[in-house]
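Here is a short round of questions on how certain labels are earned. Each answer sets a value against its cut-off.

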Amino acid sequence: MAERLNFWSTLTDPLIRQNPVTLQILGICSALAVTTTLATALTMSVSLTVVLTMAAGLVSMIRRHIPDTIRLIVQIVIVASLVIVIDQILQAYFAEISRALSVYVGLITTNCLVLGQTEAYARHHAPLPAMVDAFGNGLGYSFVLIVIGSLRELFGKGELFGAQILPLAESGGWFTPLSLMLLAPSAFFLLGLLVWTIRSFKPEQAEAREHTPPLYVEPAE
Amino acid sequence: MTGLWDLFLTAAFVDNMPLTLFLGLCTFLALSKRPEAAFGLGVAMTGVMGVTVPLNHLIYQGLLAPGAWAWAGMPELDLSYLSLIAFIGVIAASVQVLELLLDRFLPSIHAAFGVFLPLLTVQCAILAGSLFMVERSYSLAESVVFGLGSGFGFAVAVAMLAAIRSRLAYADLPAGLRGLGIAFVLAGLMSLGFASFAQMVAAQ
C-alpha cells in the first residue's frame with residue numbers, strides 16, 4: 001500500500017460519480033421506505049453513515065485476523081452489534097422518529113451497502129482510508145435520501161421538517177397536496193427519475209443495450 | 001381458518017414485500033433481468049421465509065422475550081435487544097442447512113439456484129419478516145402463514161417484473177433510462193397496481 005491515497009477523491013467520488021444507490025444498486029431497500037418525510041430520511045442517513053464508518057474501521061482493523069471462511073459471519077456480527085447500539089440510542093432519545101422508522105433501523109444490518117462496503121473495500125485497506133471511503137459512501141447514500149425525502153415531503157404535504165412551506169389550498173393558500181407522493185409508487189418513480197437525471201449528465205454511467213433477445217431459441221435444423 | 005387466509009392474502013398482496021414495503025429491493029432489481037433466475041429466487045424466498053419466521057418465533061418466545069426466563073427464576077430478564085443478532089444467526093444457519101439438504105437430495109434444484117441461495121442471508125425481506133413477526137406479535141400458526149405469504153408475494157412480484165423487463169430488452173429507451181432507471185419506473189407502476197389490492201382484503 002505504497003501509493004498515496006487521495007482522500008478528497010475517495011470522499012467525494014461516491015457522492016455522484018460512484019453513488020452507491022444510483023449506480024451500484026446497493027442499499028435501496030431502506031432508501032425508499034424511510035423517505036416520506038425529511039426528518040426520518042435524515043435520521044436514517046445519519047444512522048447508516050455512523051454504522052458504515054464504524055463497521056468499516058473495525059473490520060479493517062482486524063482484517064488480518066479474520067479467517068477467510070468465516071469472514072461474512074464476523075462482519076455481520078460486527079454490523080449487527082453497531083446497529084443494536086444505534087437502535088437503542090434512537091429508542092431512548094428520539095422515540096417518535098424511532099417508531100416512524102419501525103423495523104428499518106434494524107434492517108441496516110442486512111443493508112447490502114454496509115456489507116458490500118466492508119466486504120469489497122475495508123477488508124483490503126488500512127483503517128483510515130477504509131473509514132474515509134465508508135464515510136463518503138454514507139454521504140452518497142444520504143444525498144439520495146435527502147433529495148427524495150425533501151421532494152416527497154414538500155409535494156406530498158407542502159412541508160419541510162414538519163413546517164409549512166407551501167400554503168395549502170384548504171387554509172387559504174394555493175397548493176393542493178399530492179397524496180400520491182406519500183405512497184409507495186412515487187418513491188420508485190422519483191428514484192427512477194433521479195437515476196435518469198444523473199445518467200443524462202454522466203453518459204458513461206448508462207447501461208449498454210441488450211442485443212441478444214433473452215429467450216431466443218435456435219430454430220431446429 | 002379465514003383469519004389465516006386473510007393474513008396470507010395481506011402478506012402476499014397488500015403488504016407486498018418489495019412493492020409496498022420496499023424490502024429486498026437489491027435482489028428484486030438485480031436478479032429480475034431473466035425470468036428463470038427470478039423464478040428460482042422466488043421459490044427460494046418462499047422456502048426460506050416459511051422456515052425462518054416460525055423458527056425465529058420459537059427462539060424469540062422461548063429465549064428472548066421479556067419474561068421468557070421466568071421458569072429459571074429470572075422473571076425480569078429481558079433479552080429482546082439481542083433479537084437482531086439471534087435472528088441473523090438463525091437465518092444464516094437455516095440458509096446453510098437448506099443449501100446442504102438441497103445439494104444432497106435435490107442436486108438439480110440446487111444447481112438451478114446457483115449463487116442466490118447464500119445471498120439470501122443478507123436479504124432484508126427475510127430479516128424484516130422476523131422483525132415484523134415480533135412487532136405484530138403473531139402466534140406460531142400465524143407466523144408460518146405470514147412467512148409463506150410474504151415469500152409468495154415476493155415471488156409473484158419478482159416473476160412479473162422479470163417478465164416485463166425481458167420484453168423491454170427490445171425497446172428503444174433513452175440511454176440514461178436503460179437498465180436501472182426503467183426498472184424503477186416499472187416497479188413504481190406495479191406498485192401502483194398492487195396498491196389497489198389494499199381494498200381487496202379490507203372490503204371482506
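The questions below concern a predicted model.

Q: Why is R136(B) called partly exposed?
A: Its relative accessibility is 30%. Buried means under 20% and exposed means over 50%. R136(B) falls in between, so it counts as partly exposed.

Q: Why is D15(B) called partly exposed?
A: D15(B) has 23% relative accessibility. The buried class ends at 20%, so D15(B) counts as partly exposed.

Q: What makes R136(B) and D15(B) a salt bridge?
A: Their closest N and O atoms are 3.8 Å apart. The rule asks for a side-chain nitrogen of Lys or Arg within 4 Å of a carboxyl oxygen of Asp or Glu. The pair therefore qualifies.

Q: Where in the chain do R136(B) and D15(B) lie?
A: R136(B) is in the loop between α8 (124–135) and α9 (140–168) of chain B, and D15(B) is in the loop between α1 (2–14) and α2 (17–20) of chain B. They are 121 residues apart, so the pair links distant parts of the chain.

Q: How many salt bridges does a search of the whole structure find?
A: One, over all chains. Across the interface of chain A and chain B the rule finds zero.

Q: What describes the interface between chain A and chain B?
A: The buried area is about 4,000 Å², and carbon and sulfur atoms give 75% of it. In contact are 42 residues of chain A and 46 residues of chain B. Between the chains, the count of residue pairs in polar contact, both at pLDDT 80 or more, is zero. On the side of chain A that touches chain B, α8(A) gives the most, with ten residues. By class, that side has 29 nonpolar, nine polar and four charged residues.

Q: What makes α6(A) mostly covered?
A: Seven of its nine residues are buried. Among them are C112(A), L113(A), Q117(A) and E119(A). Each has under 20% relative accessible area, so each earns the label. The cover includes α3 (38–61), α4 and α7 (127–157) of chain A, together with α3 (25–30) of chain B.

Q: Which residues have the most contacts inside the largest nonpolar core?
A: They are L32(A), L107(A), L191(A), L23(B), F28(B), L120(B) and F184(B), in a core of 113 residues. Helix α4 (residues 35–64) of chain B gives the largest share, nine residues.

Q: What does L23(B) touch, not counting residues up to four places away in sequence?
A: In chain A, Y104(A) and L107(A). In chain B, its partners include M17(B), P18(B), F132(B) and F154(B).

Note on methods
Residues are numbered from 1 along each chain as its sequence is written. Chains are lettered from A and ligands numbered from 1 in the order in which they are written. This is a predicted model: local features need pLDDT of at least 70, side-chain atom pairs count only at pLDDT 80 or more; totals for chains, interfaces and linings use all residues. Side-chain values use heavy atoms; hydrogens and water are left out. Contact means heavy atoms within 4.5 Å. Buried area is the accessible area (1.4 Å probe) that two parts lose on being put together, summed over both. A polar contact is a pair of N or O atoms within 3.5 Å; within protein, one must be able to donate a hydrogen and the other to accept it, and residues adjacent in sequence count only if both atoms are side-chain atoms. Helices (H or I, at least four residues) and strands (E, at least two) are DSSP runs, numbered from the N terminus. Ala, Val, Leu, Ile, Met, Phe, Trp, Tyr, Cys and Pro count as nonpolar, Asp, Glu, Lys and Arg as charged, and the others, Gly among them, as polar. A nonpolar core is a set of buried Ala, Val, Leu, Ile, Met, Phe, Trp, Tyr and Cys residues joined through side-chain atoms within 4.5 Å. Buried means under 20% relative accessible area, exposed over 50%, partly exposed in between (1.4 Å probe, protein chains only).
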